[in-house]
Every structure is written in structure tokens, then in C-alpha cells.
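Student: I have a sequence and a model on screen. Can we go through it residue by residue?

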Amino acid sequence: MSSLTYHIAKYNASGNDFVIFQDFIKADRSELAQTLCDRHAGIGADGLIVCIPHDEYDFEWQFYNDDGSSAEMCGNGSRACAHFAATRHLAPHTMTFLTLAGPIKATVTEDIVESELTPPIIKEQNISEYGYNWWLIDTGVPHLVTFDADTTQFDLDMASQLRHKYNCNVNIAKVHADHIQVRTFERGVENETLACGTGMAACYYRALQEGKATDEATTVIPTGGETLTLGFNAKTITFKGKVTNTFNTTWSL
């Protein structure tokens, strides 16, 4: 009986971790994502990324959360994926690849990767839940954002309820003089993660719209503590930070 072997890279991007490999065909890899992302029986990761050739773009990705569900976009995943593609000569160091949210541009400079997210869309403002004011913003995937909650505490039961009610990720954030602090509950992971790129982008974009931030380079710090730099280029949000290829391995099924 023959087995299928995957050559897998494990990446960390601001506390989000991913397993990434290249393949040549699209397929339903939901079960594989659950297997590989399992932190006890698998490699362990927040998500699985598969790079597939594309006729128009440098490549196309398939992205899965650790529960096997597909996601349109992942900001930190886009940076990890770009580094993987550039260092394995799947794409040039300045590239464009296709996600379910649309094409993503990225530039790789050693271990620093800047990606340009899809244009943000404010879906709804002035949502009142749990005594807080929320905005619903799509930065590739939908995010609820509030600046009202205490970021030293995160009510995960509240976040879970809102995640299911609005089918989105849930962020509490605070704008400081020199940075924005962000905590994110992610759907698909169903818990707070150490970082969420599109969540940081959504928080930054609300701050920008409310005059609490500028379109110049802005420091955003997620729960994991790693510093990210976000900006706005009149069209969309740029997202820059370090990524690490933590190890490489093979996996046979």
C-alpha cells in the first residue's frame, strides 16, 4: 500500500503558527488540516496553507483553520506563505498570489515580510453588544472591533457568543500614544490567538477612521507581544513584520 508524503514547513508569524506545503492540484484538505494542526497528535498549528500553481498569479493558496474550515484570508498567514514561496523559488520576492478574498501583494526582505491586504470594508457601525460599541469591518475576513472593553481582561464567553451571532472574529483593542494593543478571538480556532493579522488591520482601520491613528506607519501589538507595523496607502492596509521558519519536516499518510 503506497503512502503520500508531504514536505512541510512550520512557520511562526507574530505568534500565529502555520504548516505550509506546495502541491499541484486543488483538493479538499479539511481532514488533513485537522490532522496536521492537532497540537497533540499532529505538528500543531493555527492553520494549514497549501500553495498551488496559478495561470495568472504567482500562485494560489488554500487556507484552512485548525478545525478544518476554510478561511478567505489570514494576514499573518499571508506573510508566512510569502516567505515560504520566495525562499523555495515558487515566486519572486515581490509577488501577488490569489486567496478567496482576492489577490494579495507581498514583499519579502530576508525575514521581514510586508503584505498588502484586500481593501477594507466597513460593514456596520454602532453595533451595541454587552454595553460596548462595535464596528463590523471586513479586512479579508469579517471582524467586530471595540475600543470600549478592558484589554487586561478578555471575556471569552462574550467573544464566542458574538463570533457565532455575527459569524466573525472578535477584537478588543486600546489605542495608546505610541501603539495599538489588540486581542482577538478567532473563528475556526474558537479561542483567543496570540495574533491575528486581519484583526489588527481591522482595529487599525477603525482607529484611522476615528482620527485616533494616521496613515503613516503605526505600531500594533497583539497578545503575543511581537511588534507589527501597519499603514494605509490610500487604497488598502499594509502589514509588515517578522516571520520565522521554525522547522521543516515530512509527513506521510
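Student: Leaving aside neighbours within four places in sequence, which residues is D23 in contact with?
Tutor: Keep in mind that this is a predicted model. D23 sits in the loop between β2 and α1. Buried means under 20% relative accessible area, and D23 has 18%, so D23 counts as buried. Its contacts beyond four places in sequence are Y6, R29, V50, C51, I52 and P53.

Student: With which side chain does the side chain of D23 make a polar contact?
Tutor: Start from the contact list of D23, which includes R29. The two side chains make a polar contact at 2.7 Å. The partner is R29.

Student: Do the buried residues of α1 lie on the same side or on opposite sides of the helix, and what arc do they cover?
Tutor: The buried residues of α1 are S30, L32, A33, L36 and C37. They pack against β1, β2, β3, β4 and β17 (244-252). Their arc around the axis is narrow enough to put them on the same side of α1: only 160°.

Student: Where is G44, and is it buried or exposed?
Tutor: G44 lies in the loop between α1 (30-37) and β3 (47-52). Leaving aside neighbours within four places in sequence, G44 is in contact with K10, D17, L36, C37, D38 and R39. The relative accessible area of G44 is 1%, under the 20% cut-off, so G44 is buried.

Student: How far apart are the C-alpha atoms of G44 and S70?
Tutor: Along the chain, G44 and S70 are 26 residues apart. In space, their C-alpha atoms are separated by 17 Å.

Student: Which residues lie closest to the centre of the largest cavity?
Tutor: A search of the whole structure finds 1 cavity of 30 Å³ or more. The largest cavity has a volume of about 150 Å³. Of the 17 residues that line it, the closest to its centre are F63, N65, A71, M73 and E186.

Student: Which elements give two or more residues to that lining?
Tutor: One of the residues closest to the cavity centre is N65, and N65 lies in strand β4. β4 (59-65) is one of the elements that give two or more residues to the lining. The full answer is β2 (16-22) and β4.

Student: Is N65 buried or exposed, and what does it touch?
Tutor: N65 has a relative accessible area of 7%, so it is buried. Not counting residues up to four places away in sequence, N65 touches A33, D46, G47, S70, A71, R187 and G188.

Student: S14 and E110 have positive phi. Which is buried and which is exposed?
Tutor: Neither is a glycine: S14 has a phi of about 60°, and that of E110 is near 55°. S14 is in the loop between β1 (5-13) and β2, while E110 is in the loop between β6 (102-109) and β7 (112-116). At 1% relative accessibility S14 is buried; at 70% relative accessible area the exposed one is E110.

Student: Which buried residues does α3 have, and what arc do they fall within?
Tutor: In helix α3 (residues 156-166), M158, A159, L162 and R163 are buried. On the other side, D157, Q161, H164 and K165 are exposed. The buried residues pack against β8 (121-129), β9 (132-138), β10 (142-146), β11 (169-175) and β12 (180-186). They line one face of α3 because they fall within an arc of 135°.

Student: Which residue caps the N-terminal end of α3?
Tutor: Look for a side-chain oxygen beside the backbone nitrogen of D157. The distance is 3.1 Å. After α3 comes N167, with a positive phi near 50°. The N-terminal cap is D155.

Student: Which residues touch the most other members of the largest nonpolar core?
Tutor: This core holds 52 residues. Its largest share, 8 residues, comes from helix α4 (residues 197-209). Another core of 14 residues lies apart from it, with F21, A33, A45 and V50 among them. In the largest core, the residues with the most such contacts are M95 and L230.

Technical notes:
Residues numbered from 1 in each chain as written. Predicted model: local features only at pLDDT ≥ 70, side-chain atom pairs only at ≥ 80, totals over all residues. Heavy atoms only, no water. Core = buried A, V, L, I, M, F, W, Y, C linked by side-chain atoms within 4.5 Å. Buried < 20%, exposed > 50% of the residue type's maximum accessible area, 1.4 Å probe, protein only. Helix = DSSP H or I, 4+ residues; strand = E, 2+ residues; numbered from the N terminus. Arc of directions from axis to C-beta. Contact = heavy atoms within 4.5 Å. Polar contact = N/O pair within 3.5 Å; in protein donor to acceptor, adjacent residues only side chain to side chain. 1 Å grid on protein atoms, 1.4 Å probe; cavity = no way out; pocket = protein on both sides within 12 Å on 5 of 7 lines; lining within 4 Å. Points joined across faces, edges and corners; volume = space filled by probe spheres on them.
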